[in-house]
Amino acid sequence: MPVRVLLVDDEPLVRAGLRAVLEAEPDMEVVGEAADGAAVIPLVRQTRPDVVAMDVRMPLLDGIEATRALLRTVADPPKILVVTTFENDEYVYEALRAGADGFLLKRARPAEIVHAVRLIAEGESLLFPASVRQLAAEYGDGGGNRAARAALERARLTEREGEVLRLMARGLSNAEIAARLVVGTETVKSHVSAVLAKLGARDRTQAVITAYESGFVAPG
């Protein structure tokens, strides 16, 4: 089955460029387009995409609020890939905090765009871990976020789960974590699932942001 992608951007040229790149791949299908975040929820319900590639800055409803609304309203929501002009942007970090699964620069090369969409769809690695770390260092709460600290305390992660979370924050895939810890990949998947469930995190990105904002992992 192809990865189904919904494009949301107020610039027609950006949408056209993304569509051309993605539809050149045999395992990808663009199922719809929207020019503003306000149209996301009905389009998601209509087209059932696997990934929404969403501009972070739009005139009526930006990518941050559209992400919050989508995750709050739609059961079993798609993955959300924020598309942005600037990498070191507080809007990007707020979108990740709101529940986006990763971000992509508009100037990215075609191969990078395809890789980002595939990685987000698979959900087994953190997209651009160094950039997420930099954003957390600049716009996070320096380990002083009360909600994040409370979530981590409630989680009561085991020592091994803590190791897995630290390696997730470094961007390692399940296979890479398995090799590092000398365990099976299925064991790592179980640990990752336990970490996400205990933290109440939707995915790896949200778990890693909680780790940074609670001070469990230093973003610097």
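Reader: Is Arg19 buried, partly exposed or exposed?
Author: This is a predicted model, in which local features need pLDDT of at least 70, side-chain atom pairs count only at pLDDT 80 or more, and totals for chains, interfaces and linings use all residues. Residues are numbered from 1 along each chain as its sequence is written, and side-chain values use heavy atoms, without hydrogens and water. Arg19 belongs to helix α1, residues 12-23 (helices, H or I, of at least four residues and strands, E, of at least two are DSSP runs numbered from the N terminus). Because its relative accessibility is 26%, between the limits for buried (under 20%) and exposed (over 50%; 1.4 Å probe, protein chains only), Arg19 is partly exposed.

Reader: Which residues does Arg19 touch, apart from its neighbours within four places in sequence?
Author: Val3 lies 16 residues from Arg19 in sequence, and their C-alpha atoms are 13 Å apart. With neighbours within four places left aside, the contacts of Arg19 (heavy atoms within 4.5 Å) are Leu7, Val30, Gly32 and Glu33.

Reader: Is Val40 buried or exposed?
Author: Val40 is found in helix α2, residues 40-47. Beyond residues up to four places away in sequence, Val40 touches Leu6, Val8, Met54, Ala66 and Leu70. Its relative accessible area is 1%, so Val40 is buried.

Reader: How far apart are the C-alpha atoms of Val40 and Ala150?
Author: Val40 and Ala150 are 110 residues apart along the chain. In space, the separation of their C-alpha atoms is 32 Å.

Reader: Which strands stand at the edges of the sheet?
Author: Five strands form an open sheet with parallel pairing, in the order β2-β1-β3-β4-β5 (two strands pair if DSSP finds at least two bridges between them). One side of each edge strand is left without a neighbour in the sheet, because each has a single partner strand. These edge strands are β2 (28-34) and β5 (102-105).

Reader: Which residue of β5 is the bridge partner of Val82?
Author: Strand β4 covers residues 79-84 and runs parallel to β5, to which four bridges join it. In β5, the bridge partner of Val82 is Phe103.

Reader: Against which helices do the buried residues of α8 pack?
Author: Helix α8 spans residues 159-169, and its buried residues are Glu161, Gly162, Val164, Leu165, Leu167, Met168 and Ala169. After α8 comes Gly171, with a positive phi near 90°. The helices against which the buried residues of α8 pack are α6 (129-139), α9 (174-181), α10 and α11.

Reader: Which element supplies the largest share of the lining of the largest pocket?
Author: A pocket is an open set of points, on a 1 Å grid over the protein atoms alone, where a 1.4 Å probe fits, with protein on both sides within 12 Å along at least five of seven lines; lining residues have an atom within 4 Å of a point. At least two lining residues of the largest pocket come from each of α4 (90-98), α7 (146-155) and α11 (204-214). The largest share, four residues, comes from α11.

Reader: Which element gives the most to the lining of the second largest pocket?
Author: Among the 16 residues lining the second largest pocket, Gly123, Glu124, Val192, Leu196 and Arg204 lie nearest its centre. Two or more lining residues are given by each of α5 (110-122), α10 (185-199) and α11. With four residues, the element that gives the most is α10.
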